[in-house]
Each structure stands twice: as C-alpha cells, then as structure tokens.
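Here is a walk through the side chains of one protein model, written for someone who would rather look than scroll through tables. Keep the viewer open while you read.

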Amino acid sequence: MIFFLLLFLLITLKSINICTNENHFNTNYLSIENTNVIKGIFVILVIFSHSSQYITLDSVYDNPYSSFMKFMGQMIVSVFLFYSGYGIMESLKKKKFSYIKTIPTKRFLKVLINFDIAVLLYLVLNLILGTHYDIKTTILSFIGWENIGNSNWYILAVLVLYILTFISFFPMKWWNDSKSLYIYAAFFTILSIGFVYFEMKMGKQSYYYNTIILYALGIWYSLLKKYIENITLKNDVIYSAISALLLLLLYLSYNNRSSFGIESYSLWAVCFTITLILFSMKISFNNTILSWFGTHIFSVYILQRIPMMILHYFGVTQNHKYFFIVLSIIATICLAHIFDNLTGKMWKRIAS
C-alpha cells in the first residue's frame, strides 16, 4: 500500500502552490475550486481505507500505510462535514429564508433518492452474489440506519443534519438579522450534539457520530470567518504563531483522543480540521484529477464498494490484492461517471 500512497502523494504535490511571498495568503482557500480538490484528496483516502477492509495488509510495504491510516482514522471524512456546514451557512447568509425552504427538496430529498437508487443497486448485487439480509435491515438501509454492504453512516449523518438545519434556521422566516443567525447556529449545535448522544444510546459504533460536530464547526466558521481572517491573515508572524499553537493542540488532542470518550475525540477532530483549514490559507492545489473526485464525491463514496464486493467474491482480494485496488478505483470512476450522468438527467427532467 505504501506505493499507492507515494503515487498519490506525487500526484498531489505536482499541483501544489505555496504562498511564499511575505504576508501573502491564499484568500480563495474556501472557494469551490479549492475545496473540491481537497475533498478529492480525502475521498481517495476513503477508497484506500475501504479497499483495505477486503484485503490482508501483512507486507512490510503495508506498514507505513497502516500507520498513516491509524493516525487519520475518521479524519478522512472531516473536510466533507466541515465544508458542507460551511457551504450551507454561506448560502443561508446570502439567500436568507428562501434558501431554507429549498433544504427539504433540493438537499434532503435529492440526497435520499440518489442514495436509495444506490441501495437498490446493492440489493440487486446481493441477490446475484447470494448474499442475504433480513427484511428489517434491508428496509432500514434505505434511510442509512443499517446497510446491506454499502457505506451508510455518512449519508445518515448528512440527512439528519439537513433536517436539523431546516428546523434550527426556519425561524428566519420571522426573525432575520445578523444576531439571529448566532442563536440559530447555537440551537443547531445543541440539536446535533443531541443527535450524537442519541446514536450513542442506540448502540451505534463510534464512527457513526464521532465527527458529526464538524458540520456545526463549518457553520460557526462561516459566521466568524471575517473575525478569524482579520487576525490570522494580518501577517506571517501572527499566522505562524497561530499555526504553532494549533500544531501543539493537534499533538495533545491526538494523544488524548480516547481519554475522555466522545468529548476528547471531538476535540481532536476540531483541532485537525482547523489545522487543515489554516494550512489551506497558504497552500492550494490545481489538479484536474483530484477536482473530478471532489465534484463526484457522493457517487464515489457510495458506489466504491460495488466493484470491491464483486472482486472479493471472485477471489481477487486473496491472490492479487494490489491489482484489486487498481481495478476498484477504475471501476468506481466509471460507475460514478455513469451514475452522476443518469441521476443528473433525472433531476433536470424533474425540475423542468
């Protein structure tokens, strides 16, 4: 696996741009173009993570990869939740209540239906491969509470967070000024924390909920962005001091991420994400391949296990584990392209 990581690193570094001029920053660090590339980087890490679940990593060349992924853990999805919350809040600030009204249809329903189409594909694949799930599990898989071989926790989290966003910010219809947004954001944060503890009480595994707070972090960053940038982007001295402090917090929070349950892991997740955002103020990428992955994040995330399951069924994982990863990536790209093309046409017809 180390060779895949090295190749991936070369592709990433090839397009890197670093602001080396004194007191010069990448002010477009949260632009769609820049965030798509970063999301592309992380969704490829998700592919690596998922593919490694089907193979045995026992080679000396796999050890560096295993160490790296142990460090990353659930942070491979951190930017997805942060950027989602940030993007939602940016739209709310610009479009006000008119945007709130679109969340149930253009956000929640669209994601749910696209997800259910993907679940149907897994259902058909399971029938072909002879894999069986009980009726309850199959039904609950359509809302992401359970799965039938597909990835589901992230979709469940996003769907619930969309609902909580709609509930929290709906009062914008009657009270809509700069102060009210902070109150709505605080209410949303409380609800999202409540959702985390609900999943904990329901016995869900920790990966279902231990990064959910990052969506709220994105909302708060959007609200406080002006104040943060006024301090952080003032000059290189202040930026370097803040960077050093965050790196220290990152180190401490990582070493103690399991010390106090969900609270300590959430602190680690927040420190990791903020550090990444801080670095993106100085570093940017311009890569067509990574940008493609970032713009097709949903389909890549939800469909990648289809080729993995098929190849595993035919024994490729046992005899040709690295070839399995290559084929999985190629097949995922093809499936994602077809899926987004067809669903895109479907939604255009519905909207017309």
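## Rings, charges and the core

Start with Lys 282, which lies over the face of Phe 25 at 4.4 Å from the ring centre. Keep in mind as you go that this is a predicted model. Arg 257 does a similar job elsewhere: its charged end sits over the ring of Tyr 254, 4.0 Å from the ring centre. Tyr 254 also belongs to an aromatic cluster, together with Phe 71, Trp 268 and Phe 272.

Now for the core. In general, nonpolar side chains in soluble globular proteins tend to be buried together. Here the largest nonpolar core has 107 residues, and the members that touch the most others are Phe 42, Phe 80 and Phe 169. Which helix gives the largest share of this core? That would be helix α8 (residues 153-169), with 12 residues.

Phe 169 is worth clicking on. Leaving out residues up to four places away in sequence, Phe 169 touches Met 89, Leu 92, Ile 100 and Leu 181, and also Tyr 184, Ala 185, Phe 188 and Ile 219.

## Aromatic pairs

How many aromatic pairs are there? The count comes to 25. Take Tyr 54 and Phe 324: their ring centres are 6.1 Å apart and the planes meet at 50°, so this pair is tilted. Tyr 54 lies in the loop between α2 (32-51) and α3 (63-72), while Phe 324 is in helix α17 (residues 321-351), so the pair ties together parts that are 270 residues apart in sequence. Is Tyr 54 buried or exposed? With a relative accessible area of 17%, Tyr 54 is buried, because the cut-off for buried is under 20%. Phe 324 is buried too, with a relative accessible area of 0%.

Another pair takes us back to one of the well-connected core members. Phe 80 and Tyr 154 form an edge-to-face aromatic pair, with 6.1 Å from centre to centre and 75° between the planes. Phe 80 lies in helix α4 (residues 78-95) and Tyr 154 in helix α8, so this pair links parts that are 74 residues apart in sequence. Phe 80 is buried, with a relative accessible area of 5%. Tyr 154 counts as buried as well, at 13% relative accessibility.

## A threonine and some cysteines

Next, find Thr 35 in helix α2. Thr 35 counts as buried, at 8% relative accessibility. What does its side chain reach at 3.2 Å? The partner is the backbone oxygen of Ile 32. Apart from residues up to four places away in sequence, Thr 35 touches Tyr 29, Leu 30 and Tyr 83.

If you were wondering about disulfides, a search of the whole structure finds zero. Two cysteines to look at anyway are Cys 19, which is buried with a relative accessible area of 15%, and Cys 271, which is buried with a relative accessible area of 8%.

## Out in the loops

Asp 134 lies in the loop between α6 (103-129) and α7 (135-141). A polar atom of the Asp 134 side chain lies 2.7 Å from the backbone nitrogen of Thr 137. From C-alpha to C-alpha, Asp 134 and Ile 148 are 9.5 Å apart in space, and they are 14 residues apart in sequence.

Two loop residues have a backbone angle you may want to check. Asn 23, in the loop between β1 (16-18) and α2, has a phi near 60°, a positive value in a residue other than glycine. Lys 96, in the loop between α4 and α5 (97-100), also has a phi near 60°, again positive and again not in a glycine.

Here is how the three loop residues come out on accessibility:

| Residue | Relative accessible area | Status |
|---|---|---|
| Asp 134 | 45% | partly exposed |
| Asn 23 | 38% | partly exposed |
| Lys 96 | 35% | partly exposed |

Technical notes. Residues numbered from 1 in each chain as written. Predicted model: local features only at pLDDT ≥ 70, side-chain atom pairs only at ≥ 80, totals over all residues. Heavy atoms only, no water. Core = buried A, V, L, I, M, F, W, Y, C linked by side-chain atoms within 4.5 Å. Buried < 20%, exposed > 50% of the residue type's maximum accessible area, 1.4 Å probe, protein only. Helix = DSSP H or I, 4+ residues; strand = E, 2+ residues; numbered from the N terminus. Contact = heavy atoms within 4.5 Å. Phe/Tyr/Trp six-rings, centres within 6.5 Å; stacked < 30°, edge-to-face > 60°. Lys NZ or Arg CZ within 6 Å of the ring centre and 35° of its normal. Polar contact = N/O pair within 3.5 Å; in protein donor to acceptor, adjacent residues only side chain to side chain. Disulfide = S-S within 2.5 Å.
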